[in-house]
Amino acid sequence: MQPILLVTGGSRGIGRATAIAAARQGYQVVVNYHHNADAAAEVVQAIKAQNGHAVAMGADVSSESDVVAMFARIDQELGAIDVLINNAGVVGLRDSVINMDAARLTRMFAVNITGSFLCAREAIKRMSTDLGGKGGRIVNVSSVASKHGAPGEYVDYAASKGAIDTMTLGLAKEVATQGIRVNAVRPGLVYTDIHAASGEPGRADRIRPQIPMQRVGNPEEVAAAILWLASTESSYSTGAVLDVAGGR
Ligand code: NAP
């Protein structure tokens, strides 16, 4: 049986690269998306073109009912999940905290934090050896913004990723005896659409001089780290947060 891997936000960017690389490694891949069904369908097509297995599933990770329904669909169509990649994430427009209203903060924390918790909860229900599962791996996608704070850009986003780092540490310890490993990857600047969503499509190249390696990363380089943490190669790692950031 091929192991089952769910990547949230698998339609674009780092999630897309992770979905395609995971299928190449033999996973059956669930490509979650929110709005962009066409992009998710393109990822599924790309995986099928390389003789892999993939299915697209729309769900807003910040919606409890959407998440519960998506995991039920995975149970029915594929079986028990082996790997969860908590990748879906959003940024708001570049701004200062003084201008951030409750609507912006609520959306930010709902997608980036609550979404990761809800998906982890549903995954653990199925993976936990205490509950009859066969174990599993969870990989959270954080950001080096959690270390730098993103002042004047998006402190709310950075704080949401700080929560992901802490969630990784606590949850890893909580489920360590249940056959589940929980780790995180903390990307630096990576070429994806997310920078345009902050209102500055050229952001990555503007900040490039601050990166010790003097270059921006590619989604495939982050995907490789995510899939290492999802693999048996990292069998003694849990609660780890791995920077993939060119030294930043
Ligand atoms: P991206 O290119 O903007 O793609 C975001 C993905 O998340 C899309 O697939 C999108 O789906 C999905 N998504 C957004 N909101 C969602 C929701 N509520 N429910 C389900 N899916 C949702 O972003 P990216 O740069 O690849 O970022 C992926 C992760 O890496 C994020 O957690 C981000 O914070 C983190 N990260 C990125 C960078 C970077 O420089 N790119 C650096 C550090 C960390 P649709 O296609 O349907 O919209």
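Q: How much space lies in the largest pocket?
A: About 1,200 Å³. Keep in mind that this is a predicted model.

Q: Which residues lie nearest its centre?
A: Gly 89, Val 90, Val 91, Tyr 157 and Ile 194, out of 49 that line the largest pocket.

Q: And what's the lining like by class?
A: For the largest pocket, 21 nonpolar, 18 polar and 10 charged residues.

Q: Which helices and strands each supply at least two residues of that lining?
A: On the helix side, α1 (13–24), α4, α5 (145–148), α6 (155–174), α7 (194–197) and α8 (203–207) do. Strand β2 does too.

Q: OK, switching to the sheet. What's the strand order?
A: β3-β2-β1-β4-β5-β6-β7, an open sheet of 7 strands with parallel pairing. The edge strands, β3 (53–58) and β7 (241–244), each pair on one side only. From one strand to the next, the twist averages 20°.

Q: Where does helix α4 pack?
A: Helix α4 (residues 102–127) sits on the sheet, touching β4 (83–86), β5 (136–141) and β6 (180–187). The direction of α4 makes about 175° with that of β4.

Q: How many bridges join β1 to β2?
A: 4, between residues 4–7 of β1 and residues 28–33 of β2, and the two run parallel. One bridge pair is Leu 5 with Val 29 in β2.

Q: Back to pockets: what volume does the second largest have?
A: About 150 Å³. Of its 15 lining residues, Gly 217, Glu 221, Val 244, Ala 245 and Gly 246 are the closest to the centre. By class, the lining of the second largest pocket has 8 nonpolar, 4 polar and 3 charged residues.

Conventions
Residues numbered from 1 in each chain as written. Predicted model: local features only at pLDDT ≥ 70, side-chain atom pairs only at ≥ 80, totals over all residues. Heavy atoms only, no water. Pairing = 2+ DSSP bridges. Axes fitted to C-alpha atoms, helices over the stretch in contact; angles between N-to-C directions. Contact = heavy atoms within 4.5 Å. 1 Å grid on protein atoms, 1.4 Å probe; cavity = no way out; pocket = protein on both sides within 12 Å on 5 of 7 lines; lining within 4 Å. Points joined across faces, edges and corners; volume = space filled by probe spheres on them. Nonpolar A, V, L, I, M, F, W, Y, C, P; charged D, E, K, R; others polar.
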